[in-house]
Amino acid sequence: MYFVHDIKKLCRSRIEIVMLSALLLVCVIDPISVYWQAAKYPGFFEQIGKNPFQYWLLMNSAGWGNQVYNTLFWVFPVLSTGLVYYYERNSSMSKFLIVRDSRRGYFSANLTSCFLFTFLSFSAVLLINIAVTYIAFPSDAPLTGQYQYLVPTEGGFAAAIYGSSPLLMAVIYSLLNSLTIAVFSVISLSLHMLVGFKNKYIAIVGPIVLYYAINFLMDSVPGLHTHNIRLIIQPRAASGMSDIITFVDLAATLLAWITAALVLSVAAVCSKKDII
């Protein structure tokens, strides 16, 4: 009962609607605008290339859409909660909903619905970007020297995927980004439950500042780069970093953050034993 209602609440959330609509517009307009802009310059495609693998949102680091996405990356997990729990707790609606069934069911449904809805919605939006890019740019375009800079370094986990299919690599990275945002949305929701923010702006800004601080720390220590989740899920890192990101690095880092999300989720649920 709780799970279905929570999915519906996320679908109706104004925060979710605005965020996903804006991101969808970016994902659709970015490859089209890049094509139109590049087409104005004679010889651009002949020199740089016209293959769609070069221009999908997560790969095209020079594109405005990529910059918007990466700038707001740590904002997405917090907004993906829709602040649904925040509003229910501050309006005492959460107590009313809990007595209808169970405390564990209420909080578990909040967390699982947040994760699933976030993963599916971001996956859909990022996959739409890939589809639009592969429609706008010819997939049989010749490979240029610039294209070769994007080919993953041998020995990395991305190289094996690319060897199978560049399109598959684009899909896998889109799913990895969606999974990461979904995991951090659960962490954000758990923090809302544990801390009990009284002000909605602090509830939004607080976790975002924490994520940027963690990311800054990981960036500042070279030895942590292959375990920096923000770097690992960027396709350009597969070819642009001197350190090779292996499948073990990817799995260990994802598992560590998933474990952190689970621990915080359990702590959040256990901390609410006296809510009614």
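**Exercise 1. Find the helix that holds Val 68, decide whether Val 68 is buried, exposed or partly exposed, and name the surface patch it belongs to.**

Step 1. Val 68 sits in helix H4 of this predicted model.

Step 2. Its relative accessibility is 32%. Buried would need a value under 20% and exposed one over 50%, so Val 68 counts as partly exposed.

Step 3. Now look at the company Val 68 keeps on the surface. Together with Leu 25, Ile 29, Trp 64 and Leu 72, Val 68 makes up a nonpolar patch with about 420 Å² of accessible area. Two elements, helix H2 (14-39) and helix H4 (64-71), each give two or more residues to this patch.

Step 4. Turn to the buried residues of H4, which are Gly 65, Asn 66 and Tyr 69. They span an arc of only 100° around the axis, so they lie on the same side of H4.

**Exercise 2. Locate the salt bridge and describe where its two partners lie.**

Step 1. As background, side chains of opposite charge can pair when their charged atoms come close.

Step 2. Searching the whole structure gives 1 salt bridge. The partners are Lys 9 and Asp 6, with their closest N and O atoms 3.0 Å apart. A salt bridge requires such atoms within 4 Å, so this pair qualifies.

Step 3. Both residues belong to helix H1 (residues 2-12), where they are 3 residues apart, or about one turn of the helix.

Step 4. Check the surroundings too: Lys 9 and Asp 6 are both buried.

**Exercise 3. How many disulfides does the structure hold, and how far are Cys 11 and Cys 27 from the nearest cysteine sulfur?**

Step 1. The count of disulfides is 0.

Step 2. For Cys 11, the nearest cysteine sulfur belongs to Cys 114 and is 12 Å away. The cut-off for a disulfide is 2.5 Å, so Cys 11 is in no disulfide.

Step 3. For Cys 27, the nearest cysteine sulfur is that of Cys 11, at 18 Å, and Cys 27 is in no disulfide either.

Step 4. Add the accessibility of each residue. Cys 11 is partly exposed, with a relative accessible area of 43%, whereas Cys 27 has 0% and counts as buried.

**Exercise 4. Trace the contacts of Asn 110 and Thr 81, leaving aside residues up to four places away in sequence.**

Step 1. Begin with Asn 110, which is part of helix H8 (residues 103-136). With 5% relative accessibility, Asn 110 is buried.

Step 2. The contacts of Asn 110 are Asp 6, Tyr 85, Leu 189 and Met 193. Asp 6 is the residue already seen in the salt bridge with Lys 9.

Step 3. Move on to Thr 81, in the loop between helix H5 (76-79) and helix H6 (84-90). Thr 81 is buried as well, at a relative accessible area of 4%.

Step 4. Thr 81 touches Leu 10, Glu 16, Cys 114, Ser 185, Ser 188, Leu 189 and His 192. Compare this with step 2: Leu 189 is in contact with both Asn 110 and Thr 81.

**Exercise 5. Set separation along the chain beside separation in space for two residue pairs.**

Step 1. Val 18, in helix H2, is exposed, with 52% relative accessibility. Val 18 and Leu 79 are 61 residues apart along the chain, and their C-alpha atoms are separated by 9.9 Å.

Step 2. Asn 110 and Asp 243 are 133 residues apart in sequence, with 38 Å between their C-alpha atoms.

How values were computed: Residues numbered from 1 in each chain as written. Predicted model: local features only at pLDDT ≥ 70, side-chain atom pairs only at ≥ 80, totals over all residues. Heavy atoms only, no water. Salt bridge = Lys/Arg side-chain N within 4 Å of Asp/Glu carboxyl O. Helix = DSSP H or I, 4+ residues; strand = E, 2+ residues; numbered from the N terminus. Buried < 20%, exposed > 50% of the residue type's maximum accessible area, 1.4 Å probe, protein only. Patch = residues over 30% accessible without salt bridge, like charges linked within 9 Å, V, L, I, M, F, W, Y side chains within 5 Å. Areas by Shrake-Rupley, 256 points an atom, 1.4 Å probe, with all protein chains shown as cover. Arc of directions from axis to C-beta. Contact = heavy atoms within 4.5 Å.
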